[in-house]
Amino acid sequence: MLYINSHSIETKLHHCLLFFGKHRLALSTDNFRKPMAPTLAEHFQDSSALREFVINQGNGVKGLSELGLTALPKQYIQPLEERTCMTNIVLQESIPIIDMSNWEDPQVAKSICDAASKWAEVKNKYSKEHSSSNNVRFGTSFTPQAEKALEWKDYLSLFYVSEEEASALWPSICREQVLDYMKKSEVVIKQLLQVLMKGLNVDEIDETKESLLMGSMRTNLNYYPKCPNPELTVGVGRHSDVSTLTILLQDEIGGLFVRENEGDNWIHVPPVKGSLVINVGDALQILSNGRYRSVEHRVVANGSNNRISVPIFVNPRPADMIGPLPELIASGEKPIYKQVLYSDYVKHFFRKAHDGKKTVGFAEL
Ligand SMILES: O=C(O)CCC(=O)C(=O)O
C-alpha cells in the first residue's frame, strides 16, 4: 500500500456523494420516521424489520443513522475479534508516501515496487433487486445474506463497460464526476503498472497483459454514516481487494487501517491532502506469483462524523484466466497459484462475508 499525490477531483466527488446521500434519504426515510420513531429500538430488535428497512427498502445505514438511534442495533454488533482494538494499533508506523512527480527517477520506481512487496508481506432506484443492470448497484454492508453481523457502510457501485452504457445506466447525479475521476486515474494506473511490471522483469505490457492488469474497472462511492456505538461494529471488515490495484480517494475523516505484515498489528492510513492511497489487490498478488502482496485492510465506524471514500478497483476482465505471469515461470520460479477464471475468483469473494485474506486460497496450488 502506498500514497501518491493527486490533483483535486476530490471536491467534485464529495459534493456528488453528499447529494446522492440526501437524495436517497429524501426518497426513503421520511415516511418511515414519524410512525416508527417511538418504538424504534423495539422495532429493530426484530431482524427481519431491520433488514426490510435497511436492505430491501434501500434506506441503508444512512437511513438508520438519520433516524437518531441512540444504540447500535444488535445486528451490527461484531464479535470481539473483529472489532478494532486500540492495543493492536501501531502508532509509530506509517505507510510509504511517494512523490510521483518525477517518473524517470529510478528511486521513485524502486519505492513503488518496495511498497507493493513490503506492505502485508510475509516474505515476499440500484439495489440488487431493482437495478436494471448488474453494473450499477446500490448496496449496504458487504454480503448481508452471508454475514453474521452487518457492516456499517452503504455504497453505490459502478462497473465501467463503455461510455454509452454509463450514459444510459449510471445515475446522472454522479456520472460525469465518476467518469472524469476514472479517466484521470487511468494515467496514474498505467504508470504504476508499468513500474510494477518492470520490477518483475516484465518489460512489455502487450494487449493480453493490459487486459489482465487493467481490463475492467469498478468505482464505488462509499458512505459511512455516523454510528451510535462505533466501538461495537465495523465500517468494513478485514479483507483484501480482488483487484490488481485499488486507487482510493478518502475524505479528511480517517478510519482506514492496514494490517502490518502477517502480524496482528494495524496501522492507520491518515488522509493526506492531495494524495491517493494505492492498494495492491489479490489479482496482482496472483499474477506476480506472490512477489507483490495484497494488503489486508479494514475501516472503523465513526461516532462523530460521516465518512466518504471512493475506491477505483482496477481489475482483469471477468473472462480472463489469472495465474502467475508466464515470464516469471519461464525464469524458473515455481508457481504458487493455479490459473483461475477471474469471474470465478470474484464470485468466490462475494459469496462469503469478509474474512481477511482467505479469498487468495481459492487460487493456491
Ligand atoms: O473506505 C475505505 O477507506 C476503504 C474501502 C474498502 O476497503 C472497500 O470499499 O473495499
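How many of the 7 residues of strand β4 (residues 154-160) are buried? In this predicted model, 5 of them are buried, so that label is earned by the count: a residue is called buried if 20 or more other C-beta atoms lie within 10 Å of its own. Strand β4 is thus mostly covered.

**Strands around β4**

Strand β4 has pairings with β3 (residues 136-140) and with β5. Both pairings are antiparallel, as the table shows.

| Pair | Sense | Bridges | Residues opposite each other |
|---|---|---|---|
| β3 and β4 | antiparallel | 5 bridges | Phe-138 and Leu-156 |
| β4 and β5 | antiparallel | 7 bridges | Ser-157 and Asn-220 |

In a regular strand, side chains alternate between the two faces of the sheet.

**The ligand and its shell**

Asn-220, which stands opposite Ser-157 of β4, is also one of the residues that surround the ligand. The others are Asn-222, Val-236, Asp-241, Leu-248, Gln-250, Leu-256, His-297, Val-299, Ser-309 and Pro-311. By type, the shell is made up of 5 nonpolar residues, 5 polar residues and 1 charged residue. Four strands each give at least two residues to this shell: β5 (216-224), β7 (245-250), β11 (297-299) and β12 (307-315).

**A sheet of 4 strands**

Strand β11 also belongs to an open sheet of 4 strands, in the order β6-β11-β8-β9 and with antiparallel pairing. At the edges stand β6 (236-239) and β9 (266-268); each has a single partner strand, so one side of each has no neighbour in the sheet. From one strand to the next, the twist averages 20°.

Strands β6 and β11 run antiparallel and are joined by 2 bridges. Here Val-236 has Val-299 of β11 as its bridge partner. Val-236 and Val-299 both appear in the shell around the ligand as well.

**Helix α8**

What span should the 24 residues of helix α8 (residues 175-198) have at 1.5 Å a residue? The expected value is 34 Å, and the end C-alpha atoms are 34 Å apart, which agrees. The helix α8 nevertheless bends by about 30° at Glu-186.

Buried residues of α8 include Gln-177, Val-178, Tyr-181, Met-182 and Ser-185. Leu-192, Leu-193, Leu-196 and Met-197 of α8 are buried too. An α-helix has 3.6 residues a turn, so residues three or four places apart point the same way.

How values were computed: Residues are numbered from 1 along each chain as its sequence is written. This is a predicted model: local features need pLDDT of at least 70, side-chain atom pairs count only at pLDDT 80 or more; totals for chains, interfaces and linings use all residues. A residue is near a molecule or strand if its C-beta atom, placed from the backbone, lies within 6 Å of it. Ala, Val, Leu, Ile, Met, Phe, Trp, Tyr, Cys and Pro count as nonpolar, Asp, Glu, Lys and Arg as charged, and the others, Gly among them, as polar. Two strands pair if DSSP finds at least two bridges between them. Axes are lines fitted to C-alpha atoms, for helices over the stretch in contact, and angles run from 0 to 180 degrees between N-to-C directions. A residue is buried if 20 or more other C-beta atoms lie within 10 Å of its own, exposed if 12 or fewer, and partly exposed in between; C-beta atoms are placed from the backbone. The expected span of a helix is 1.5 Å times one less than its number of residues. The bend at a residue is the angle between axes fitted to the seven residues ending there and the seven starting there.
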